Amino acid sequence: MILRLELENSITTFGQVASAIGETGGDIIAVDVIHVGKSHVTRDVTVNVFDRAHGQKVVKALDSKPGIKVVNVSDRTFLVHIGGKIEVNSKVPVKNRDDLSRVYTPGVARVCQAIHEDPSKAYQLTIKRNTVAVVSDGTAVLGLGDIGPEAAMPVMEGKAMLFKQLAQVDAFPICLNSKDPDEIVAIVKAIAPAFGGINLEDISSPRCFEIEERLKKELDIPVFHDDQHGTAVVLLAGLLNAVKLVGKRLEDLKVVVCGIGAAGIACTRMILSAGVKQVIGVDRAGIINRNEEYTNSMWTHYAQFTNPDNLTGSLAEAIQGADVFIGLSGPGVLKIEHVKSMAKDPIVFAMANPNPEIDPEDAEPYVRVLATGRSDYPNQINNVLCFPGIFRGALDSRATCINEEMKLAAAQAIASVVSDEELHEQYIIPSVFNKKVVKAVRDAVVKAANRTGVARKEIRNIF
């Protein structure tokens, strides 16, 4: 972190600053003089600390010393966000009047007229062919909940960065000051002519279902709610390799899904599409079953296509003899005794963030394969493995939608990046930095789009 300190010359010296930082375990790595006056000196001191709590300890130690004023505290994460993380650049330089007449008036009028006569030319002559809107209302941001559209912007900017860096897709954050599904649908439909795809992000359940379904019906470009489908695609990729490793078949599995929100429902639908027969959903109300009347209409619907034996009870009853646990709920939900009651070679996907449903160290002696949503443990289930390649393929094929076959193909492609020789309990899913992933997903999505008749463009391998 960087500390801006104002030091009173008559009272303190920099040596006392260094001593105070050293006594707290901080490590000074850079010092910059910002201003020198007769009575005060202002310095920026860059200090390595272990974590936020350690940083606060350093600041408190400095504040307690006479003659030292802590003016400002910044850390590297905040510094990379100053002014935002993305920008717009021109592809064509404008150096003279001739250049100006081509990119703007009068030359641009001919291009406008060509698109007016044939709207499909917008894909050839504008940014539409390679641009995605990342749309959020800020109601379900990471683990923070409803923090509003302005506070959601750093996440959406980060998403746009990943689109560009990993798949060369231009993306732009659109954060809406509305929670009204009708208004959100109307706004997205109104801006859709400028974009080749819509990535919905961090919109709370159950509104996210309605918003996505309506937009999919009313737009002829791909609409993809990543919190639902991105999670489901990567989860299935990990599951495909996990069952291969333990020698089981999808159709023979008993799977428990804990947390029946947007992601939980999408994951259930995805694994059922892939061939799993028995899925039991559990939430705060216990096992989702057909005997109950739920105020949550999505739970009522969920009960109709899951839990074939119509079990009732709690997670403890649901998980007995289960082959797979999929957690999309909260920390501490899964207990050691639950894991011990599972079938031989249990597979646990504890994906609650930042703290999983069970502590990985506690689970390790009892679990054959463990995956989480965290980057500091093996087998991270991360949507970054999915959305860049899916949209790259959808844009390249100019698909009208992202259908179930395209999502299944993406999951299989992600799984295929891990070879049989590499497959291991600690490596069932590739790293988000594996450069093979985006191309594998893109190619699989393109093929599926063509196979299912939703592609509008003959594909050349341009990636």
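A cavity is a set of grid points inside the protein where a 1.4 Å probe fits but cannot get out, whereas a pocket is an open set of points with protein on both sides. Both terms are used below for a model that is predicted.

**Empty space inside the protein**

Rolling a probe the size of a water molecule over the atoms shows where empty space is left. With cavities of 30 Å³ or more taken into account, the count for this protein comes to 1, and the largest cavity holds about 40 Å³ of space. Its lining is made by Tyr123, Arg129, Gly196, Pro222, Ala394, Leu395, Arg398, Ala399 and Arg456. Sorted by class, the lining of the largest cavity consists of 5 nonpolar residues, 1 polar residue and 3 charged residues.

The second largest pocket contains about 1,100 Å³ of space. It is lined by 27 residues, and those that lie nearest its centre are Val88, Asn89, Lys91, Ile127 and Asp170. Several elements give two or more residues to this lining, namely helix H4 (97-103), helix H5 (108-117), helix H6 (122-125), helix H7 (149-167) and strand E6 (170-175). By class, the lining of the second largest pocket has 14 nonpolar, 6 polar and 7 charged residues.

**The protein as a whole**

The chain has 463 residues, of which 48% count as buried, and its secondary structure includes 18 helices and 14 strands. Taken along the principal axes, the box filled by the C-alpha atoms is roughly 80 × 70 × 50 Å. Among the contacts in the protein with a separation of 6 or more, 66% are accounted for by residues 24 or more positions apart in sequence.

**A pair of helices**

Two packed helices are described by the angle between their axes and the distance between the axes. For helix H1 (residues 14-23) and helix H2 (residues 52-63), the axes come within 9 Å and cross at roughly 140°, and the crossing in which H1 passes H2 is right-handed. On the side of H1, the contact is made by Val17, Ala20 and Ile21, while H2 brings Val58, Ala61 and Leu62. The residues of this contact divide into 6 nonpolar, no polar and no charged.

**Backbone angles that stand out**

Most residues other than glycine have a negative phi, and most peptide bonds are trans. The table lists places in this model that depart from that pattern, with the angle and the location of each.

| Residue or bond | Backbone feature | Angle | Location |
|---|---|---|---|
| Thr105 and Pro106 | cis peptide bond | omega about 10° | Pro106: loop between H4 and H5 |
| Ser205 and Pro206 | cis peptide bond | omega about 5° | Pro206: loop between strand E7 (197-200) and helix H9 (207-218) |
| Asn307 | positive phi | phi near 50° | loop between helix H12 (297-305) and helix H13 (315-318) |
| Asn379 | positive phi | phi about 60° | loop between strand E14 (369-372) and helix H16 (387-396) |

Are the asparagines 307 and 379 buried or exposed? Asparagine 307 counts as buried because its relative accessibility of 1% is under the limit of 20%. Asparagine 379, at 5% relative accessibility, also falls under that limit and therefore counts as buried.

**Two residues and their surroundings**

Leucine 328 lies in the loop between strand E12 (324-327) and helix H14 (336-340). Leaving aside residues up to four places away in sequence, leucine 328 touches Thr231, Val257, Cys258, Gly259, Ala263, Gly264, Cys267, Met351 and Glu357. One of these, glycine 264, is 64 residues apart from leucine 328 in sequence, yet the two are 6.1 Å apart in space from C-alpha to C-alpha.

Lysine 436 has its place in helix H18 (residues 436-451). With a relative accessible area of 59%, lysine 436 is exposed, because that value is over the 50% that the class requires. Between lysine 436 and isoleucine 414 there are 8.9 Å in space, C-alpha to C-alpha, and the two are 22 residues apart in sequence.

Conventions: Residues are numbered from 1 along each chain as its sequence is written. This is a predicted model: local features need pLDDT of at least 70, side-chain atom pairs count only at pLDDT 80 or more; totals for chains, interfaces and linings use all residues. Side-chain values use heavy atoms; hydrogens and water are left out. Axes are lines fitted to C-alpha atoms, for helices over the stretch in contact, and angles run from 0 to 180 degrees between N-to-C directions. Helices (H or I, at least four residues) and strands (E, at least two) are DSSP runs, numbered from the N terminus. A crossing is left-handed if the near helix is turned anticlockwise from the far one by less than a right angle, and right-handed if clockwise. Contact means heavy atoms within 4.5 Å. Ala, Val, Leu, Ile, Met, Phe, Trp, Tyr, Cys and Pro count as nonpolar, Asp, Glu, Lys and Arg as charged, and the others, Gly among them, as polar. Buried means under 20% relative accessible area, exposed over 50%, partly exposed in between (1.4 Å probe, protein chains only). On a 1 Å grid over the protein atoms alone, a cavity is a set of points where a 1.4 Å probe fits but cannot get out, and a pocket is an open set with protein on both sides within 12 Å along at least five of seven lines; lining residues have an atom within 4 Å of a point. Grid points are joined across faces, edges and corners, and a volume is the space filled by probe spheres set on the points.
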